Amino acid sequence: MALQDKGDKTMKKIEAVIRPEKLKDVLAAIDKVGYSGIMITEIQGHGKQKGLTQQWRGQTYRVEFLPKVKLEVVVEDSQARKIAKTIEDSAKTGEIGDGKIFISPTDTVIRIRTGEEGDRAL
Ligand SMILES: Nc1ncnc2c1ncn2[C@@H]1O[C@H](COP(=O)(O)OP(=O)(O)OP(=O)(O)O)[C@@H](O)[C@H]1O
Ligand SMILES: [Mg+2]
């Protein structure tokens, strides 16, 4: 009964950090697969290279953080792999700094307007 009230299906949150210039391509690709909602945030960060070194007017500068875009999509478990793979394929250039995808369980979701909970609130 309690499980029914909260919807039947378990869910995952996909957080993808991508190159800002890939945002349009990624959105078009996941739109074809289908998803119900998305959050988009402009962020700064670094991965294992810890930024990059640039030359300007003969001087060397260290850029610690680079601009990226973070996408967050919460979906039913059964959709998570497909969405993640679509993001991976559409965000990839093969160069350092292409980004990363994190997938984690989502306990529940509440639609504020209706009080619906769980996968039915997606
Ligand atoms: N372990 C991590 N935890 C949190 N955020 C991360 C992590 N790794 C990468 N990120 C985020 O992803 C962005 C892009 O990372 P990036 O693609 O450079 O990862 P990488 O591991 O260095 O891979 P590559 O060797 O392809 O550059 C970073 O700017 C940061 O915002
Ligand atoms: Mg990197």
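## Exercises on ligand 1 and the pockets

A polar side-chain atom of Gln49 lies 2.9 Å from an oxygen atom of ligand 1, and the exercises below start from this pair of atoms in what is a predicted model.

**Exercise 1.** Work out which residues come nearest to ligand 1, and how much of its area the protein buries.

*Solution.* Begin with the shell, which holds 14 residues around ligand 1, with Lys48, Gln49, Gly97, Gly99 and Lys100 coming nearest. Next, look at the oxygen atoms of ligand 1: Gln49 reaches one with a polar side-chain atom at 2.9 Å, whereas Gly97 has a backbone N or O atom 2.7 Å from an oxygen atom of the ligand, and a polar backbone atom of Gly99 is likewise 2.7 Å from an oxygen atom of ligand 1. Finally, take the area: ligand 1 alone exposes 610 Å², of which the protein buries 70%.

**Exercise 2.** Find which elements supply the shell around ligand 1, and describe that shell by residue class.

*Solution.* First, trace the strands, where β2 (39–45) and β6 (99–106) are each found to give the shell at least two residues. Then compare the shares, of which the largest, three residues, belongs to β6. Last, sort the shell by class, which gives four nonpolar, six polar and four charged residues.

**Exercise 3.** Describe the largest pocket by its space, its lining and what takes up that space.

*Solution.* Start with the space, which is about 550 Å³ in the largest pocket. Its lining is made of 22 residues, and those closest to the centre are Gly47, Lys68, Gly97, Asp98 and Gly99. Two or more lining residues come from each of β2, β5 (66–76) and β6. By class the lining of this largest pocket divides into eight nonpolar, seven polar and seven charged residues. To finish, set this beside the ligand, for the largest pocket is the space that ligand 1 takes.

**Exercise 4.** Describe the second largest pocket, and state which element gives the largest share of its lining.

*Solution.* The second largest pocket holds about 200 Å³ of space. Among its 14 lining residues, Ile87, Glu88, Gly99, Lys100 and Ile101 lie nearest the centre. Following the lining along the chain, one finds two or more residues from each of β1 (11–18), α3 (77–91) and β6, and the largest share, six residues, comes from α3. Sorted by class, the lining of the second largest pocket has seven nonpolar residues, one polar residue and six charged residues. As a last step, return to Gly99, which lies among the residues nearest the centre of this pocket and also among those that come nearest to ligand 1.

Technical notes
Residues numbered from 1 in each chain as written. Chains lettered and ligands numbered in written order. Predicted model: local features only at pLDDT ≥ 70, side-chain atom pairs only at ≥ 80, totals over all residues. Heavy atoms only, no water. Near = heavy atom within 4 Å. Polar contact = N/O pair within 3.5 Å; in protein donor to acceptor, adjacent residues only side chain to side chain. Areas by Shrake-Rupley, 256 points an atom, 1.4 Å probe, with all protein chains shown as cover. 1 Å grid on protein atoms, 1.4 Å probe; cavity = no way out; pocket = protein on both sides within 12 Å on 5 of 7 lines; lining within 4 Å. Sits in = over half its atoms within 2 Å of the grid points. Helix = DSSP H or I, 4+ residues; strand = E, 2+ residues; numbered from the N terminus. Nonpolar A, V, L, I, M, F, W, Y, C, P; charged D, E, K, R; others polar. Points joined across faces, edges and corners; volume = space filled by probe spheres on them.
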